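Q: Please go through the salt bridges and strand pairings of this structure, giving the reason for each label.

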Amino acid sequence: MRSEHRTRNRGWLFLLLVLLACGLGPVRAAGGAEIRVDILLSANDTPYLMAMKGFQQQLEKNGTSVNFVLHALNGEAARIPQALKQAGDGGSSLLCCFGTLALKGTAGSSAGIPAVAGMVLKKEHLLQYQGLPGVYLEFPPEIQLAWVKKVVPRARSVGVLFSPGENGAFLEAAETAAAKLGLRLEKARVASAKDLPAALQGLAKHVDVLWGINDTVAYNPETAREILGFSLKNRIPVIGPSTTWVKAGALAALDWDYADIGAQTAELAAKILAGGAGGGATVVPPRKKLQALNAKSAEFFKISLPPELLRESTLN
């Protein structure tokens with residue numbers, strides 16, 4: 001249900017964007033020379049705005065005088081060349097790319113301006129640009145599978161839909177992690193939406209839970225209804241790839257703290273601004289996780305959620 005993190009709460013978004021725009025001016029620090037940081041925002045949706053605000057606030061904590069210049073791409077890669085030209089002409093010290101769109105359009109074309117990235121969908125998207133540090137939107141498989149086992153302790157077989165082009169390497173690591181947790185991974189390939197019915201049917205009699213991973217082919221707004229319908233019909237709970245899925249009926253999900261992802265990105269940026277080459281070329285996952293549960297789904301699937309798990313999680 002997450003494709004570059006869309007949201008429909010436009011009224012709230014507009015207010016937040018106005019507030020952010022008001023804050024995107026020079027931040028003066030006594031005795032410090034002002035620097036320019038250009039932010040390329042892939043979309044104006046809530047997660048990106050939260051990440052941008054976290055980025056701004058974290059850099060301000062360092063006491064640096066920063067002039068933040070926002071380039072709202074609105075999902076249009078065609079806007080990137082003009083943004084880069086403005087950054088170069090304005091003497092920008094750093095480019096901050098939020099989202100895979102901004103990253104792919106900027107990396108290798110930044111005219112010598114150092115860059116950092118956040119809110120990037122996959123680790124591989126960052127690794128292909130050597131020397132560019134950033135934060136990607138994926139928890140390691142051992143963390144995700146430990147969450148699956150915590151929420152559904154009776155599970156022994158975990159089903160997962162995946163597209164080979166996006167998650168082949170990720171699931172190789174996941175199989176090792178699953179074995180260490182006493183779980184068996186049942187994989188079903190989904191190269192396109194037309195493969196989904198057969199893939200689900202193949203899992204129906206062999207899995208105790210369905211694990212939703214960060215895969216734009218297998219798990220997206222178009223496939224969500226069929227997957228959640230399969231879950232109800234076969235009484236196989238879904239651990240969704242985001243809180244949005246939990247609100248739609250999935251049993252649980254691990255989600256990201258977007259403001260903290262922005263802060264992580266700012267910490268990498270601060271190393272670059274301080275003279276560190278590429279921020280150490282660090283490519284890191286989110287350090288903070290948010291837990292979401294659906295109490296009605298737990299009741300439907302006859303899963304008893306421990307009190308401590310309920311206390312640690314957001315209920316939907």
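Q: What makes Asp260, Glu267 and Arg287 a network?
A: In this predicted model, salt bridges link Asp260, Glu267 and Arg287 to one another as a network. One of the contacts is that of Arg287 with Glu267, whose N to O distance is 2.9 Å.

Q: Why is the contact of Arg287 with Glu267 called a salt bridge?
A: The rule asks for a side-chain nitrogen of Lys or Arg within 4 Å of a carboxyl oxygen of Asp or Glu. Arg287 and Glu267 meet at 2.9 Å, N to O, so the contact qualifies. The pair links distant parts of the chain: Glu267 is in helix 11 (residues 258-273), Arg287 in the loop between strand 12 (283-284) and strand 13 (289-293), and 20 residues separate them.

Q: Are Arg287 and Glu267 buried or exposed, or partly exposed?
A: Partly exposed is the class between 20% and 50% relative accessible area. Arg287 has 45%, so Arg287 counts as partly exposed. Glu267 has 32% and therefore also counts as partly exposed.

Q: How do you know that Lys150 forms a salt bridge with Glu312?
A: Their closest N and O atoms are 3.2 Å apart, and the cut-off is 4 Å, so the pair counts as a salt bridge. This pair links distant parts of the chain, with Lys150 in helix 6 (residues 141-151), Glu312 in helix 13 (residues 307-312), and the two positions 162 residues apart. Lys150, at 40%, is partly exposed, and Glu312, at 46%, is partly exposed as well.

Q: What makes Asp89 and Lys85 a salt bridge, and where do they lie?
A: The closest N and O atoms of Asp89 and Lys85 are 2.8 Å apart, which is within 4 Å, so the pair meets the rule. Both residues lie in helix 3 (residues 80-89), four residues apart, or about one turn of the helix.

Q: Why is Asp89 called exposed?
A: Exposed means over 50% relative accessible area, and Asp89 has 60%, so the label applies.

Q: How many salt bridges does the rule give?
A: The count comes to ten salt bridges.

Q: Why are strand 11 and strand 13 said to pair?
A: Pairing requires at least two bridges; strand 11 (residues 252-256) and strand 13 have five, so they pair. The two strands run antiparallel. Ala252 has Leu293 as its bridge partner in strand 13.

Q: What makes strand 13 and strand 14 a pair?
A: Two bridges join strand 13 to strand 14 (residues 314-315), so the requirement of at least two is met. The sense is parallel, and Leu293 stands opposite Leu315 in strand 14.

Definitions and conventions:
Residues are numbered from 1 along each chain as its sequence is written. This is a predicted model: local features need pLDDT of at least 70, side-chain atom pairs count only at pLDDT 80 or more; totals for chains, interfaces and linings use all residues. Side-chain values use heavy atoms; hydrogens and water are left out. Buried means under 20% relative accessible area, exposed over 50%, partly exposed in between (1.4 Å probe, protein chains only).
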